[in-house]
Amino acid sequence: MLKGIIKDRKTGEPIIGASIAVEKESIGAISDINGNFAINVSADKKIVVSYIGYESQVLDVLDKSFLEIYLSEDIKLIDEVVVVGYGSVSKKNLTTAIAQVKTDKISQAGTSHVNQLLMGRAAGLQATVNSMQPDGKVNISIRGGGNPIYVIDGIVMPNNALSGNCGQVGLPNNIDRNGIANLNPADVESVEILKDASAAIYGIGADNGVILITTKKGKEGAPNIVYDGSYSFVRNYPYLDVLNSKEYMELANVFNKENYLYNNKQYPYGTTPYDGKWKPQFTEADMQNATDTDWKDLVLRNGFLTKHNLTISGGHSKFKYYLGGSYLKQQGTVSRSGMTKYSVHGNLGLDLFPFLNLTSVFNANQNTYDNGIIGTDTGNQGDVAPSVLTSALLYPSYLPVKQDDGSYTIFRNIPNPKAMEDIVDYSKENGYSLNFSINAKLYKDILVFKGVYGMNQENVRRSTFIPSDVYFARMYKSRGNIYSQRRQTQTLEAMLSFSKYMFNFVQVDAMAGMGKYLESNEGYGISYEDTHDMINEHDISSAKGKIYPTSHTLKNEKRSQFFKLSFDVLDRYVISATLRRDGTDKFFPGKKYALFPSVSAAWKISNEKFLKDVFWINLLKLRASYGKTGQDNLGSSLYGVYEPSGFKVGFNDNGLFYVPCVSMGTNYPDVSWQKTIMKNIGLDFYLFKNRVSGSIDVFRNDVTSLLGYASTSPLAIYPTRPINGGHFYRQGWEIMLDTKNMVGDFNWNTQLTFSKTNSFWKERMPNYDYRSYQKRNKEPMNAYYYYKMTGIINADRSNMPESQKTLQAEAQFPGCPIIDDKNNDGKIDENDIYLKDNTPDIYIGFGNTFTYKNWEFSFFMYGQFGILKSNIAYRAALPGPLAVDYPENTNKYAYLLWNSQTNPNGTRPGLAVDRMGALPGGAGVNIDMENASFVRMRNITLSYNFRDKILGKLKKYVKGIKVYADVQNPFVISKFKGFDPEIYTGGGGANNASRGEYPQARTFTLGTNIVF
């Protein structure tokens, strides 16, 4: 007698009424109300277990007396529903390029917002980390475009963060957070990426694609309570190695002497021998007696992240609910950085009558951020107002943190990194979104009316304060700023849809709708000076210095009408079309409205007679699409505006003051919409009983009538004016592949994504001033023009080619780069300039998931290849800054610099490079440009599910317990040195080298998921 129990693999619930049959025999049994069964079968037989809606299993009996069997839902991939603009469609009927990401298949350990889940997960979507600060920004680009628009549960949401500013305080640009960080990833069901003409239904702003986010809903059944909690240990990647005291003093002496030789034209920079008059800055005794301060260690630290989610969902035929709450706290890995987040999310659905459904979705959040002093300087202040990390990298190691009198040490005009910890910068953000919809069946399921109202409001209050005893921006002065801002968006839409299978061969779906969209934004800021450190923001009226008030208000309104129509003929040919008419208040009458059409079609080849009986093809579908989207965001008004001048004019012995208003622009009625035309051809395939599935796409997007600015005539009042002009296009290809390599007790699934996009100019903006060497036809938008360095001129100049001698004398000194004579004509000129399209050759994503009984192991990697990046680690170790008296500290890459004394075989140019002057045409040399290709291991996750017997007495209260361990960013494979190849390192700071960005980090997580 064989006994056993049959359960749902996902929920652990018993399956009632499952069929258990002996293979090729008539013996069978049915599972009871508890999922149990018993059947007489010999050890050499096999049993077949099946149930409607689940995948059947064939199992060997062998010598087993009890079997615990888990069945998985039989989800036909081709019948899965994909969310599209204003509706949904099954994958088999999809006519456009839409990628779907299911969040339940992605590790959420150590994450705080949705974009962190998307890296490498969808072909055509490039998601790269811009900042590792708490809630740090992940750049999202669809097919090489800019910021896409986000639609959450049908409502368009702002795609940028509301972070506030610090007014006159002058802190670095230290906030780089994500735009939809208020939505808890645990509340997200799926993410769809609209990459082609499918975006046209959203009109304005959809030229960069659309990301649709669908949150979780309640399902019919008993209450399902889920707790998910985790704790993460966060550790910085190895950061830039600065020089210790002895190393710093030695190199400072070397390059100070090199500077002496250069300035006095002594060998090797002239024919005069060294005169022996140079004196070292640091003596041998200085080096021996110097102590070491690890400034970097003072501002970097270990971090942590703890996260707790609790949800309850369920319902019955008339009412379904989902409620979730979350708490997250993170300590950043840079001093004085961190965040605390609370959020509540809900989705309620009520069938008030058989023909009337009401739905409400709401989200509320309260976030508090400690804004670490990181990022690039503002207002071109350079190193006198740097980030705390920049300061730590610049301070020489021999200096103590404090002087003998207890005050902080000050090096040159650079703030003390430890003292900067006393600077206060925090933000409080809260917001809520409400989404109400009504669905009324006017005639059965054929004619349905839907009305939607959505509102999203965000509020931020940011406070910054520099105490009087902190030296910053060349002064000791208390100063602060309070900034408050509110942003609100509202959506009102009404739609009428029609759906019917007609004439026994065609399914017709149609929709017509209209909408109104409002946006308002207002804020104020007050900067103040000379207030008591203990009072700071609490009583601004006590400030003795200047007060700088600012405020702003803006409003936008958009109105739209939109239409959809699709035909599915004979379950073989699908044709779909959309049309949107958008109107905006930014343009003049006659240009306010624009039409954005799209048309797409699909041919289900596998449903044709000649492929109908090919058993290994489940779906083979060819599709094509064409659509137009637009953009109205110029960044300024096209109407003549006046603004207060900022000063007062006194009359009557200053008894009466007037503030003059100044014209800031005139009317520009000729400016219109920027337009994007999207074209796509794709192939979808599902093979071998859906064990192999994927898609291949090729595309081209043409962006025309670009919104921009052009110079006006010399005597015009305004130096520039807005215009339409120019034309560029993006083209590329994508491949997405999912495979079920092994199915059974041991399961192995693989996901692969490949994407390639290039952008080219077809026509530049009017009055564009080409350089003589620039490519006129099909110039890459990411064109990098450069002279190629093939070596370094040695001390006796014996390796200097004749072509180098055609340059100015300053470019012929030892230590200068040897410039490649590209065309071998014996001279260096603009014909020797190289061109590289500095767009990645390819983006990839690669993941595997393995399951065996209660165990699950997965890993996911992503990366990019074929891109160069200026290595800021090198740019922060240049010879010029080292040559001055008592220089800033530098890093270990300074040992690669050429010098005539200790490193005549150096691989990086020496002191003379800073003084060699411009090369013909003004193009730079590819010094310090490095291959930034990388492959990053994003997540490695191991989990175990406790079920049934393992739970013991807990079974009465708990349906299942999952424990997991996860490592995020454990390693990256790259030839890029010093800094991480992915995160932003941009301009600003000394030598245009921003060394103060947030460092990359590893996250180690332990967590549990409990289902009650």
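When I call a residue buried, I mean that its relative accessible area is under 20%, exposed means over 50%, and partly exposed is what lies in between, computed with a 1.4 Å probe and with protein chains only. On that scale Glu 250, at 31% relative accessibility, counts as partly exposed.

Before going further, I should say that this is a predicted model, in which local features need pLDDT of at least 70 and side-chain atom pairs count only at pLDDT 80 or more, while totals for chains, interfaces and linings use all residues. Residues are numbered from 1 along each chain as its sequence is written, and side-chain values use heavy atoms, with hydrogens and water left out.

Let me stay with Glu 250 and turn to salt bridges, by which I mean a side-chain nitrogen of Lys or Arg within 4 Å of a carboxyl oxygen of Asp or Glu. Side chains of opposite charge can pair when their charged atoms come close. A search of the whole structure finds 36 salt bridges. In one of them Glu 250 meets Lys 246, with 2.5 Å from N to O, and both residues lie in helix H1, residues 245-263, where they are four residues apart, about one turn of the helix. Helices here are DSSP runs of H or I with at least four residues, strands are runs of E with at least two, and both are numbered from the N terminus. Lys 246, at 38% relative accessibility, is partly exposed.

Another pair is formed by Asp 445 and Lys 441, whose closest N and O atoms are 3.0 Å apart; Asp 445 is exposed at 53% relative accessibility, whereas Lys 441 is partly exposed at 36%. Salt bridges that share partners also join Lys 621, Arg 623, Asp 684 and Asp 697 into one network.

Which parts of the chain does the pair of Glu 734 and Arg 143 tie together? The side chains of Glu 734 and Arg 143 meet in a salt bridge at 2.6 Å, N to O. Glu 734 belongs to strand S38, residues 720-742, and Arg 143 to the loop between strand S12 (138-142) and strand S13 (149-152), so the salt bridge links parts that are 591 residues apart in sequence. Glu 734 is buried, with a relative accessible area of 2%, and Arg 143 is buried too, at 0%.

Now to the strands, where I count two strands as paired if DSSP finds at least two bridges between them. Early in the chain there is an open sheet of four strands in the order S3-S2-S5-S6, with antiparallel pairing. Strand S3 (28-30) and strand S6 (57-60) are at the edges and have a single partner strand each, so one side of each is left without a neighbour in the sheet. Within this sheet, four bridges join S2 (residues 19-22) to S5 (residues 46-50), and Ser 19 has Ser 50 in S5 as its bridge partner.

Further along, a run of antiparallel pairings can be followed from strand to strand. Strand S46 (residues 855-865) pairs with S50 over ten bridges, with Trp 855 and Tyr 944 as bridge partners. Ten of the 13 residues of S50 are buried, so S50 is largely enclosed by the rest of the structure. S50 in turn pairs with S51 over twelve bridges, and there Val 935 stands opposite Ile 973. S51 continues to S52 through nine bridges, with Gly 960 opposite Val 1011. S52 (residues 1001-1011) is mostly covered, eight of its eleven residues being buried, and S52 also pairs with S17 (residues 221-236) over eleven bridges, where Asp 228 is the partner of Asn 1009.

Between S50 (934-946) and S51 (960-974) comes the loop that holds Arg 947, a residue buried at a relative accessible area of 11%. Leaving aside neighbours within four places in sequence, Arg 947 is in contact, meaning heavy atoms within 4.5 Å, with Arg 9, Lys 10, Tyr 70 and Asn 854.

At the start of the chain, Met 1 lies in the segment before strand S1 (2-8) and is exposed, at 57% relative accessibility. Not counting residues up to four places away in sequence, Met 1 touches Ala 38, Ile 39, Asn 40 and Ser 65.
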